[in-house]
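Thanks, everyone; I would like to take a few minutes to walk through one structure, moving from its backbone to its cores, its charged pairs and finally one helix. Please have the sequence and the model open as I talk.

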Amino acid sequence: MAEITLKSLLRPKADGVAFRSVLDALGGAVAVEDASGQLLAGSPQESYFRSAVRHGDAVLGWISGPKEAAEAAGALLTHLAARESERKALAGEVLQLYREVRLIDQLSEELTAVLQVPGACETALAHARRLIPDSAGGILVRSRQVGELAWAAQFGEVSQLPEPQSERLAGAMERGLGEIVNAGEGTNTASLIFAPLRAKQRSVGLIVMADGAGLSYTAANLKLLNTIALQIAAAIKNSYLCAANGGDRAVSGRTDDDSARTGNGPHDSAFDGAEDFSAVSAPDRFRTARADDFGAPGGRRFLQLFPD
Amino acid sequence: MKILIVDDEPHLRMLIQQSLDDLEDEGVELFLAADGEQALEVIRAEEPRLVLLDVMMPKKNGFDVCATIQHELGMTETYVILLTAKGQEVDRLRGQEAGADQYMTKPFDPDALMAKARAVLGI
């Protein structure tokens, strides 16, 4: 945010114009100087009195001239500086909210076009990173068969991320509540923030972000992450529903070749790693679905995560 | 270097101003206007390098202001970006005819706006 200076307050905007009118009314009896002594308005004065213009602890400049006039002008500029500071703070908050609304709007729109869980997770992480500071992050999704969390997408210094089976994450999943654990709390070296992916009152995974640079996450960060988590959960639910209708391999991205390579069947171990899901484009995945996939036996298993 | 922000919605003026706030530290002056006529007054007096111009405004709309800048005032060096709501893309052609250099849709991307302003001002 740009600093408040006397020069900026005296610019020909509403406040600056009004203040210059006051100076004119004082008949040029006072002069305005910035903190370095540069004359900004009025005429140089045989300074027998100087009144400081303050903003917080900082002195922005000086008004020199007759005592009463200098004090009045100084008080006015001090007031205008405080008001400008409040305006900037408020505008900064409004801009942040605007960015968040825009992010959710864009994320919702993009997620409607992504039918694979890893693709949806990568899209969501890319958006989350725009507004939440981080050095690492990822999305964990609960395996359909064994119920354990596994990474569906990750980025950055992944060593800063907690183990998927850690008590901390298990607790968040169970409670359905996000959490902030900043660096220095307990044995934590990186700040962590995580939020459960909730669908139909159940947690199907978690979005986790970490910062190893000593930053402290805030409640505002958690609120945004919770909102993003809800979007991802809905996208995952849609993926599973799509799989139920059109073949779950299309959603998981696993091909027969993948199954042969890993030794797992096409419905096993849903999230072994993000790279498993990135090799085939969405249309290709759909083309690999067999006609009998439309009977969706695997789809029913997907749907077990979301019982009505 | 000067930038003029023109929008009849006070909150949008504030958002755009805040998006470009950091430029003030680099010596850029931001001016605001709430309608087309006020915008032309500021343009004549301050000759901004960049004008961010809402389309639908009282008194004089963005197309008319843009045409005045380019054709009547002959300020061809002034870079004009028209800002309008999504769904009004049919206005793009009209904006080009009026002499606008670029067209951005609302909700605008604050980062893209800042990047564009920097590019236009060469900073």
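I begin with a backbone feature in chain B: Pro107(B) is found in the loop between strand S5 (102-106) and helix H5 (110-121) of that chain, and the peptide bond leading into Pro107(B) from Lys106(B) is cis, with omega near 0 degrees. Helices here are DSSP runs of H or I with at least four residues, strands are runs of E with at least two, and both are numbered from the N terminus. Before going further, I should say that this is a predicted model, in which local features need pLDDT of at least 70 and side-chain atom pairs count only at pLDDT 80 or more, whereas totals for chains, interfaces and linings use all residues. Residues are numbered from 1 along each chain as its sequence is written, chains are lettered from A and ligands numbered from 1 in the order in which they are written, and side-chain values use heavy atoms, with hydrogens and water left out.

As background, most residues other than glycine have a negative phi, and most peptide bonds are trans. Against that, Gln201(A) has a positive phi, near 65 degrees, and sits in the loop between strand S8 (191-199) and strand S9 (202-211) of chain A. Gln201(A) counts as exposed at 79% relative accessibility, where exposed means over 50% relative accessible area, buried under 20% and partly exposed in between, with a 1.4 Å probe and protein chains only. In chain B, Glu47(B) also takes a positive phi, near 45 degrees, in the loop between helix H2 (36-46) and strand S3 (50-54), and Glu47(B) is exposed with a relative accessible area of 57%.

Let me turn to the interior. Which residues have the most contacts inside the largest nonpolar core? They are Ile139(A), Leu197(A), Ile207(A), Ile228(A) and Ile232(A), in a core of 36 residues; by nonpolar core I mean a set of buried Ala, Val, Leu, Ile, Met, Phe, Trp, Tyr and Cys residues joined through side-chain atoms within 4.5 Å. The elements giving two or more residues to this core include helix H3 (67-111), helix H4 (117-131) and strand S5 (136-142) of chain A, while H6(A) gives the most, with 10 residues. Taking Ile207(A) as an example, and leaving aside residues up to four places away in sequence, its contacts (heavy atoms within 4.5 Å) include Leu125(A), Ile139(A), Phe194(A), Leu225(A) and Ile232(A). Apart from this core lies another, of 23 residues, among them Ile3(B), Leu23(B), Leu113(B) and Met114(B).

Now to the charged pairs. A salt bridge is a side-chain nitrogen of Lys or Arg within 4 Å of a carboxyl oxygen of Asp or Glu, and by this rule there are 13 over all chains. In chain B, Lys2(B) and Glu46(B) form one at 2.8 Å, N to O; because Lys2(B) lies in strand S1 and Glu46(B) in helix H2, the pair ties together parts that are 44 residues apart in sequence. Lys59(B) and Asp35(B) form another, at 3.7 Å, and here the two partners contrast, since Lys59(B) is exposed, with a relative accessible area of 63%, whereas Asp35(B) is buried, at 10%. There is also a network of salt bridges linking Lys88(A) with Asp21(B) and Glu24(B); of these, Glu24(B) is in the loop between H1 and S2 of chain B and counts as buried, at 11% relative accessibility.

I finish with H5(B), the helix that follows the cis peptide's loop. H5(B) has 12 residues and reaches 16 Å from its first C-alpha to its last, close to the 16 Å expected at 1.5 Å a residue, the expected span being 1.5 Å times one less than the number of residues. Its buried residues are Pro110(B), Leu113(B), Met114(B), Ala117(B), Val120(B) and Leu121(B). Seen down the axis, these fall within an arc of 130 degrees, so they line one face of the helix; the arc is that of the directions from the helix axis to the C-beta atoms. What covers them includes H3 of chain A as well as S1, S3 and S5 of chain B. Just after the helix, Gly122(B) takes a positive phi of about 70 degrees.
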